[in-house]
Amino acid sequence: MYARARLSEEEPIEGQERARRRMESWLLEVAVVVGRSFEPEYGAPPPDWRSLVPLGSQEEASDWLQAEGTCEGRVE
């Protein structure tokens, strides 16, 4: 909430929209990689994929989904 308040005060609306698009793009990318963990023909993330989110196992992918699922609807 602090970061959102600072963004609103310090960034013009165009900057805020760019930040939101980057966040949404990142969330979609991570969600796609997480989904691979539950498909037998895909499994682990692609070898060239890099992220700060640990997704090397199905358990880590499930943990990420659970954590993000509890935040659903909180982004304004």
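1. Is R6 buried, partly exposed or exposed in this model? R6 is partly exposed, since its relative accessible area is 31%, a value that lies between the limits of 20% and 50% that bound this class. The model under discussion is a predicted one, and the points below should be read with that in mind.

2. The salt bridges deserve to be taken together with R6. The structure holds two of them. In one, the side chain of R6 meets that of E9, with an N to O distance of 3.4 Å; in another, the side chain of R6 meets that of E10, here with an N to O distance of 2.1 Å. Because they share partners, these salt bridges join R6, E9 and E10 into one network.

3. The spacing of these residues along helix α1, which covers residues 2-10, fits the pairing described above. E9 and R6 both belong to this helix and stand three residues apart, about one turn of the helix, while R6 and E10, being four residues apart in α1, are likewise separated by about one helical turn. As to accessibility, E9 is exposed because its relative accessible area of 60% exceeds the 50% limit.

4. Y2 is also placed in helix α1, and at 63% relative accessibility Y2 counts as exposed. Y2 and F38 are separated by 36 residues in sequence, and their C-alpha atoms lie 35 Å apart in space.

5. Turning to the packing of helices, the axes of α2 and α3 come within 10 Å of one another and cross at roughly 140°. That angle makes α2 oblique to α3, because an angle has to be over 145 degrees to count as roughly antiparallel. The crossing of these two helices, α2 and α3, is left-handed. On the side of α2 the contact is made by W26, L27, V30, A31 and V34, and on the side of α3 by A61, W64, L65 and E68.

6. The largest nonpolar core is made up of eight residues in all, namely V30, V33, V34, W49, V53, L55, A61 and W64. Two or more of these residues are given to the core by each of the elements α2 and α3, and the largest share, three residues, comes from α2. Several core members also belong to the helix contact described in the previous point, including V30 and V34 of α2 and A61 and W64 of α3.

7. One member of that core, V33, has contacts that can be listed in more detail. Leaving aside residues up to four places away in sequence, V33 touches P45, P46, W49 and L55. Of these partners, W49 and L55 are among the residues that make up the core.

8. The loop between α2 and α3 holds both S37 and A44, the helices on either side covering residues 13-36 for α2 and 58-69 for α3. S37 counts as buried because its relative accessibility of 13% is under the 20% limit, whereas A44, at 45% relative accessibility, counts as partly exposed. When residues up to four places away in sequence are not counted, S37 touches G43, S57, Q58 and A61. A44 and A61, for their part, stand 17 residues apart in sequence, with 9.6 Å between their C-alpha atoms. A61 thus appears among the contacts of S37, in the nonpolar core and in the contact between α2 and α3.

9. Two further helical residues can be placed by accessibility and by distance. D63 is found in helix α3 and is partly exposed, with a relative accessible area of 45%; the C-alpha atoms of D63 and S25, which are 38 residues apart along the chain, are separated by 20 Å. I13 lies in helix α2 and, at 48% relative accessibility, also counts as partly exposed. I13 and L28 are 15 residues apart in sequence, and their C-alpha atoms lie 22 Å apart in space.

Notes
Residues numbered from 1 in each chain as written. Predicted model: local features only at pLDDT ≥ 70, side-chain atom pairs only at ≥ 80, totals over all residues. Heavy atoms only, no water. Buried < 20%, exposed > 50% of the residue type's maximum accessible area, 1.4 Å probe, protein only. Core = buried A, V, L, I, M, F, W, Y, C linked by side-chain atoms within 4.5 Å. Contact = heavy atoms within 4.5 Å. Salt bridge = Lys/Arg side-chain N within 4 Å of Asp/Glu carboxyl O. Axes fitted to C-alpha atoms, helices over the stretch in contact; angles between N-to-C directions. Parallel < 35°, antiparallel > 145°, perpendicular 65-115°, else oblique. Left-handed = near helix turned anticlockwise from the far one by under 90°.
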